[in-house]
Amino acid sequence: MKSKILNTLFHYKVNFIDSSQTLIVVALIVFVAYQQININNQQQFSKEIDSNLTNLTERTDELEELISLIQEQNMNIQEVMQSDREIIENLERQFDRVNDNVDELEKITRTDPELLRKYSKVYFLNEHYTPSDLETIPRKYTYNPDREYEIEEKVYPFLMDLLEEAEDDDIDLQIISAYRSFDEQEQLKGAYTVSYGVGANQFSADQGYSEHQLGTTVDFTNSEVGATFSGFAQTETYEWLQDNAHRFGFTLSYPENNQYYQFEPWHWRFVGKDLADDLHDDNKNFYDLSQREINEYIAGLFD
Ligand SMILES: [Zn+2]
C-alpha cells in the first residue's frame, strides 16, 4: 500500500518535472525567438537609420554647397551693388560739379564785365553806357540833401549795409557823389578845364569818371571837410573806411603812393566782397592786378 502511494507520488513528480521542463523549454524558445525578432528588428532599424543618416549627410553636403553658392552669389551681388553705388555717387558728384559750373557760367554771363573793368587814361567806358538799374540813396546819407544820388541797384544793399554800420559806429560819413552820367562828366570836365586849363582835359578832372558812370562808385566825405575833400585822409571817417569798407565789397581805387594815379581817399568802387577782402588782406589795390586776375571774381561779384 505504501509502495503504491509512493509510486503514484513518484509518477506525479515525474509528470510534474516533465511539465516544468516543457514550460521552461517553451519559455526559452519564446524568449530566444523574441530576442531574435528583436535583434532582427534592431538590425533592420539600424540599417534604416544608417541609410537615413547617409541620405541626411548627402543632403547636408548638398545644402552646404548650395549655401556657399548662394553666399558667393550674394557677395557678387553686393560687389556689383557697391560698384553701382560708387558709379552713381561719382555721377552725382560730376553732376553737381557741372551744375556748379553752369551756375557760375550763368552768373558770369548775367554779370556785366564792365563792372570789374580797369579804366585808364587810354581805356575808359563807352559814352553811351548806362547802368541797367539805379536806386536812389536815402537823403539822410547824402551831403547835399537837395540833390538826388543814385547807385547801381545790385550795389545798393551793400552800400546801405556800409552806411548803416558807419552810423552804428557813430562815424560822420556822407555821400557826395555816386552815379554820374556821361553828360554830367562832360559838364564837370568842362568846369575843371575852365579852372585848370587844357591839362585837366586828360584825366585829372576826375580820374575815376568811368567808374562813376558805371554806377558802382561813390565819393565819401564828412561834415568837417565837405566838398573840398581837403584833409579827408586825416579824418576818422577815412580811417573807418580803410578798416571796414572792404567788408561791404568796396575798395579804394587810387590809394596813397600808388604807381599810376593821384591819391583820392574819398573815391571808393564796389568790386564785390571777395575781391575787396583779398585786396585788403594782400595790401594791394585794384589797379595792381591784371584784368585776367580780376575777371576771376566776376561770378561772385554780388555774393
Ligand atoms: Zn570819384
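Start by colouring the chain by pLDDT: this is a predicted model, with an average pLDDT of 86 and 88% of the residues scoring at least 70. Now select residues 198-204. Here pLDDT stays under 50, and the model has eight contacts beyond four places in sequence for this stretch. Where pLDDT is low, predicted coordinates should not be read in detail, and that is a good cue to move on.

**The whole chain**

Switch to a cartoon view. You should be able to find seven helices and six strands, and walking from the N terminus they come in the order α-β-β-α-β-α-α-β-α-β-β-α-α. Of the 303 residues, 23% count as buried. Take the contacts between residues at least 6 apart in sequence: 67% of them join residues at least 24 apart.

**The four-stranded sheet**

Select β3, β4, β5 and β6. These four strands form an open sheet, ordered β3-β4-β6-β5, with antiparallel pairing. β3 (174-177) and β5 are at the edges with a single partner strand each, so one side of each has no neighbour in the sheet. Neighbouring strands are turned by 45° against each other on average, direction ignored.

Now cross the sheet from one edge to the other:

- β3 to β4: three bridges join this antiparallel pair, and S177 stands opposite D219 in β4.
- β4 to β6: again antiparallel, over three bridges. Select V218 and you will find its bridge partner in β6, W268.
- β6 to β5: three bridges join these antiparallel strands, with F250 opposite F270 in β6.

Stay with β4 (217-221) for a moment. How many of the residues of β4 are buried? Five of the five are, so β4 is largely enclosed by the rest of the structure. In a regular strand, side chains alternate between the two faces of the sheet. Show the side chains of β4 to see both faces covered: T217, D219 and T221 are on one side, and V218 and F220 are on the other.

**Helix α2**

Next, select residues 156-168, which make up α2. A quick ruler check works here: at 1.5 Å a residue, the 13 residues of α2 should span 18 Å, and the end C-alpha atoms are indeed 18 Å apart. Show F158, L159, L162, L163 and A166, the buried residues of α2. Looking down the axis of α2, you will see these buried residues fall within an arc of 130°, so they line one face of the helix. An α-helix has 3.6 residues a turn, so residues three or four places apart point the same way. Turn to the face away from the buried side and you meet the exposed residues E164 and D168.

What covers the buried residues of α2? The cover includes β2 (150-152), β4, α5, β5 (250-252) and β6.

**Helix α5**

From that list, pick α5, residues 236-244. Its buried residues are T237, Y238, W240 and L241. Down the axis of α5 they fall within an arc of 160°, so these residues too line one face of their helix. On the other side of α5, E239 and D243 are exposed. The cover over the buried residues of α5 includes α2, β4 and β6 (267-270).

**Two loop residues with positive phi**

Most residues other than glycine have a negative phi. Select D170, in the loop between α2 and β3: it is not a glycine, yet its phi is positive, about 60°. Buried or exposed? D170 has 9 other C-beta atoms within 10 Å, so it counts as exposed; the cut-off is 12 or fewer.

Then jump to N257, in the loop between β5 and β6. N257 is not a glycine either, and has a positive phi of about 60°. With 6 C-beta neighbours inside 10 Å, N257 is exposed.

**Last stop: Q291**

Finish in helix α7 (residues 291-295), where Q291 lies. Having 11 C-beta neighbours inside 10 Å, Q291 counts as exposed. Add R117 to the selection: Q291 and R117 are 174 residues apart in sequence, but 7.0 Å apart in space, C-alpha to C-alpha.

Technical notes
Residues numbered from 1 in each chain as written. Predicted model: local features only at pLDDT ≥ 70, side-chain atom pairs only at ≥ 80, totals over all residues. Buried ≥ 20, exposed ≤ 12 C-beta atoms within 10 Å, placed from the backbone. Contact = placed C-beta atoms within 7 Å. Arc of directions from axis to C-beta. Expected span 1.5 Å × (residues − 1). pLDDT = per-residue confidence, 0-100. Pairing = 2+ DSSP bridges. Axes fitted to C-alpha atoms, helices over the stretch in contact; angles between N-to-C directions.
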